[in-house]
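The following exercises concern the packing of helices and the pairing of strands. Please work through each task with the structure in view before reading its solution.

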Amino acid sequence: MRIDVFTIFPALVDDYLGASLIGKARLRGLLDLRVHDLRSAATDPHRSVDDAPFGGGAGMVLAPEPVFGAVELVQPPRPLYLLAPTGRRLDQTLARELAAGEGFSLLCGRYEGVDQRVVEHLVDGELSIGDYVLAGGEAAAIVVVEAVGRLVPGVMGNEASAAAESFSHGLLEEPQYTRPADFRGWAVPDVLRSGDHGRIARWRHAAALARTQASRPDLIEHRGGLSDDEVRVLQEHGYPVPSPGDALPSSATRREPSPHGAADEERDAP
């Protein structure tokens, strides 16, 4: 898969994408990531890419000429997305859609925004990573590349990891444990050491349901609520089950359930 990123800070983006899982995928040829400097198409001696907004106002605006010039010089893979708060929100579904294609490109905004003619006549759409303001699109571009790149076949190594992680089935991932089995008096749930893969799978499903219900009840609601089997599996493992008509907990009052089951919630802290 080829992904191109256009930015005024190419080193910032390139250094991050050269590390860890994504960096290894680049070296192995699984991901063709190309980072381009928007200043390369600037025509003035100072390599300017911004100018004051028409009509006045604070800040500067990315000018159309260097942006169009940089993109047209490279002819990157399409679609080309502008990273902006007005765009479609990035989620796991969108990440999988992008990973299923042959490639795409990202344009990082800066300053007070990008000339509207870039939006109307150059890019194919807009992407957002959330309802907050960043100094520029570079951090957002890194988020998009990592979210999508790790889903490209072969990048993660263990393909089962992507299938079992948070949001893959509309749920958060269950709690994870490693050695030692007992740390400062906090023991790993016995079921995970039982060797019974059927019981382990059922516990993991219950723990994922309970964690999602406690921390992201909106995801449960989006799935149409709990099925009868999901209610049974929660009850089987001692997790609380909301009664019909119960209000969803607010973010201020949510508490993640104990992964050992409801009985642990009455236990004194060690």
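The model shown is predicted.

**Exercise 1. Strand pairing**

Determine in which sense strand S5 pairs with strand S6, and how the chain passes between them.

*Solution.*
1. S5 comprises residues 80-89 and S6 comprises residues 103-108; four bridges join these strands in the parallel sense.
2. One position to inspect is tyrosine 81, which lies opposite leucine 106 of S6.
3. Between S5 and S6 the chain runs through helix H4 (residues 92-99), and this β-α-β crossover is right-handed.

**Exercise 2. A further partner of S5**

Which residue in S7 is the bridge partner of leucine 82?

*Solution.*
1. Strand S7 spans residues 125-128 and pairs with S5 in the parallel sense, over five bridges.
2. Within S7, glutamate 126 is the bridge partner of leucine 82.

**Exercise 3. Helix packing**

Classify the relative orientation of helices H1 and H6, and describe the residues in their contact.

*Solution.*
1. The axes of H1 (residues 10-17) and H6 (residues 138-149) are 10 Å apart and form an angle of about 25°.
2. Angles under 35 degrees count as roughly parallel; H1 and H6 are therefore roughly parallel to each other.
3. The crossing of H1 with H6 is right-handed.
4. H1 contributes Leu12, Val13, Tyr16 and Leu17 to the contact, where they meet Glu138, Ile142, Val145 and Glu146 of H6.
5. By class, the residues of this contact comprise six nonpolar, no polar and two charged.

Notes:
Residues are numbered from 1 along each chain as its sequence is written. This is a predicted model: local features need pLDDT of at least 70, side-chain atom pairs count only at pLDDT 80 or more; totals for chains, interfaces and linings use all residues. Side-chain values use heavy atoms; hydrogens and water are left out. Axes are lines fitted to C-alpha atoms, for helices over the stretch in contact, and angles run from 0 to 180 degrees between N-to-C directions. Helices (H or I, at least four residues) and strands (E, at least two) are DSSP runs, numbered from the N terminus. Angles under 35 degrees count as roughly parallel, over 145 as roughly antiparallel, 65 to 115 as roughly perpendicular and the rest as oblique. A crossing is left-handed if the near helix is turned anticlockwise from the far one by less than a right angle, and right-handed if clockwise. Contact means heavy atoms within 4.5 Å. Ala, Val, Leu, Ile, Met, Phe, Trp, Tyr, Cys and Pro count as nonpolar, Asp, Glu, Lys and Arg as charged, and the others, Gly among them, as polar. Two strands pair if DSSP finds at least two bridges between them. A crossover is right-handed if, with the strands pointing away from the viewer, the path from the first strand over the helix to the second runs clockwise.
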